[in-house]
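Q: Please take a close look at the aromatic rings in this model. Once they are placed, carry on to the open space around them.

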Amino acid sequence: MNQKLIKKEVLVFLFLCSVLPIVVNAQRIDERARDYLTPQKVIWTYNPTGGEIRNVEALLNKGIGQATLVANNVCQLNNGANEHASILLDFGKELHGGLEIVTGRWTGPREREVRVRFGESVSEAMADIDTFVNATNDHAIRDQKILLPWLGKKEIGNTGFRFVRIDLLGENSTIQLKEVNAISVYRDIPYLGSFECNDEMLNQIWETGAYTVHLNMQNFLWDGIKRDRLVWVGDMHPEVKTINSVFGFNEVVPKSLDMIRNNTPLPRWMNGISSYSMWWVLIHYEWYQNHGNLDYLKEQKEYMSALLKHFCSMVDENGQEQLNGNRFLDWPSSPYPEAVDAGYQALLKKTLEAGSEMLGIVGDKNTAKRCAETANRMAKVNPDPVDSKQAASLLNLADLLSNEKAADIILKDGAHKFSTFYGYYMLESLAKAGKIAEAQQIIKDYWGGMLELGATSFWEDFNMEWTENAGRIDELPQAGKIDIHSTYGEYCYVKLRHSFCHGWASGPTPWLTENVLGVKVLEPGCKKVKIEPNLGTLKWVKGTYPTPYGLIKIEHKLGIKGKIVSKIEAPEGVEIVK
């Protein structure tokens with residue numbers, strides 16, 4: 001062979017060998033797991049005139065995900081001339097993912113058309129798109145018509161759901177369903193943190209908050225798995241608090257923080273909301289305190305410094321913030337601009353204080369000093385919370401409102417006018433005022449109220465008034481009962497558009513860990529942690545907290561004369577302060 005040709009081929013081969021690893025490494029890798037789950041219950045069936053449904057209970061048997069020539073125990077749907085055979089399945093808990101349908105065989109045309117509807121509630125799975133109850137396909141297709149193969153398998157769906165309705169379409173049509181399995185798509189990560197006490201409702205609430213955030217830890221950290229499958233950076237703050245308490249370090253957090261930073265050139269606001277750029281700073285503070293990754297914090301220096309300078313420039317000489325853009329705390333506070341203004345003053349003061357500390361650590365002393373001076377100037381302004389629980393909590397946490405005044409506002413009418421997002425900060429303010437028992441009761445009334453209505457994850461919004469004469473979300477609507485999902489909701493979450501798995505609602509999980517179990521991180525990377533239990537109405541509590549060095553194991557119990565007896569085990573590298 002020609003020597004020049006051989007040399008050329010060798011050079012090409014060597015070039016490909018050098019480039020190929022770069023190409024491979026540049027590929028997007030999905031590290032999520034997939035589980036196949038069997039339905040737990042058949043909630044409803046419809047036998048059409050001239051048709052029938054046979055052996056629907058066969059779908060509750062665990063399958064193998066494979067069509068077989070011999071399949072005696074199958075579900076068969078048969079249509080009449082004008083009506084469709086239909087089934088409604090319950091998979092037992094909120095899931096993220098889709099559906100696997102395995103078919104048998106039948107005579108006639110080899111493909112069959114069905115309609116599949118996913119729902120976070122029974123009502124949603126039974127509803128039509130664009131009806132008066134506002135069922136939608138926004139962000140994720142939850143209502144679609146598909147063709148199923150003869151003796152085959154079809155996978156569909158990418159949404160949040162618990163319930164699935166299947167309708168066989170076509171006149172005088174027949175289909176065999178060997179299996180209908182949910183495909184649960186999630187990060188296969190351990191629950192390192194834990195919380196257990198003598199109140200089972202609080203245990204269930206802690207676990208549900210953890211599970212709600214876990215479902216939203218997809219390729220990025222989302223706010224909702226049905227709707228709002230987006231990185232809303234403000235909404236991430238309570239989610240990140242939960243992740244720190246339950247999972248420890250997970251790459252989904254820096255990945256999402258970096259994505260939103262890279263997509264928000266200054267002076268734009270993250271997600272178009274000025275407060276969300278503040279939350280980005282505060283999340284970095286929480287993340288650094290828990291994980292102590294100085295190199296990662298240094299990566300934020302340029303952007304964070306410019307952002308904080310921008311914040312400082314929008315505080316007047318009297319210490320009053322003048323932020324522009326979309327001014328948003330949470331949805332329930334939106335109609336009250338004075339409350340939003342008060343919350344903004346507090347939130348920006350907290351942001352500048354946290355930013356000053358972080359910029360001092362990464363070496364930008366001048367901007368750190370400017371942030372501290374601006375925050376001190378802001379402390380001279382004392383906004384009126386106007387009886388807003390959201391504003392009162394932020395003002396108190398920023399030391400702009402007394403513990404007593406804040407607690408009076410937050411405790412008025414108990415769990416009424418609480419918020420799924422800002423509920424965490426209301427609870428934090430109550431803890432600061434020493435109102436642990438009162439906070440525990442609100443948690444049970446408010447977040448427990450969702451569980452009592454059939455929730456297995458926490459919702460985008462919830463009002464205590466909704467519980468009056470309300471039916472459960474895992475049951476068909478009943479005469480004389482209010483269908484909570486198709487009746488309530490405002491703003492962007494009207495009726496069935498309402499998300500029933502929203503990570504911002506997970507606040508009780510980190511709150512119970514931080515304030516009842518008593519875990520307070522004092523130095524970056526959990527090098528120093530204070531354990532200060534507050535049992536409230538409880539007799540005992542135990543749990544674990546993940547650190548970069550391993551788990552802190554904690555037990556507290558009420559001893560003689562009300563004295564708390566504690567047992568604490570910390571890994572090497574973590575100093576415990578009592």
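A: Let's start with burial: buried means under 20% relative accessible area, exposed over 50%, and partly exposed in between (1.4 Å probe, protein chains only). By that split, 55% of the 578 residues in the chain are buried. The model is predicted, so local features need pLDDT of at least 70 and side-chain atom pairs 80 or more, while totals for chains, interfaces and linings use all residues. Numbering runs from 1 along each chain as its sequence is written, and side-chain values use heavy atoms, without hydrogens or water.

For the overall frame, the chain has 16 helices and 16 strands (DSSP runs numbered from the N terminus: H or I of at least four residues, E of at least two). Its C-alpha atoms fill a box of roughly 90 × 80 × 50 Å along the principal axes.

Now the rings. There are 28 aromatic pairs in the structure (Phe, Tyr or six-membered Trp rings with centres within 6.5 Å; stacked under 30 degrees between planes, edge-to-face over 60, tilted for the rest). One of them joins F249 and W287, a tilted pair at 5.5 Å centre to centre with 40° between the planes. F249 sits in the loop between α4 (236-246) and α5 (252-262), and W287 in helix α6 (residues 274-291), so this contact ties together parts 38 residues apart in sequence. W287 is buried, at 4% relative accessible area.

W331 and Y491 make another pair: with ring centres 5.1 Å apart and planes at 20°, they count as stacked. This one links distant stretches, since W331 belongs to the loop between α8 (301-313) and α9 (337-362) and Y491 to the loop between α15 (484-487) and α16 (508-516), 160 residues apart. Both partners are partly exposed, W331 at 25% and Y491 at 35%. Elsewhere, ring pairs connect F418, Y446, W447, W459, F462, W466, Y488 and F500 into a cluster.

Some rings also have a charge over the face (Lys NZ or Arg CZ within 6 Å of the ring centre and within 35 degrees of the normal). R110 lies over W150, 3.7 Å from the ring centre, and R327 over Y344 at 4.3 Å.

On to the empty space. On a 1 Å grid over protein atoms alone, a pocket is an open point set with protein on both sides within 12 Å along at least five of seven lines, a cavity is a set where a 1.4 Å probe fits but cannot get out, and lining residues have an atom within 4 Å of a point. The largest pocket holds about 1000 Å³, and of its 38 lining residues, K241, Y285, E286, K350 and E428 are closest to the centre. Elements giving two or more residues to that lining include α4, α6, α9 and α16.

The second largest pocket has about 430 Å³. Its lining numbers 18 residues, with P332, S333, Y336, Q390 and K417 nearest the centre.

As for closed space, there are 4 cavities of 30 Å³ or more. The largest cavity comes to about 90 Å³ (a volume is the space filled by probe spheres on points joined across faces, edges and corners). It is lined by 14 residues, and G471, R472, P477, I482 and D483 lie closest to its centre.
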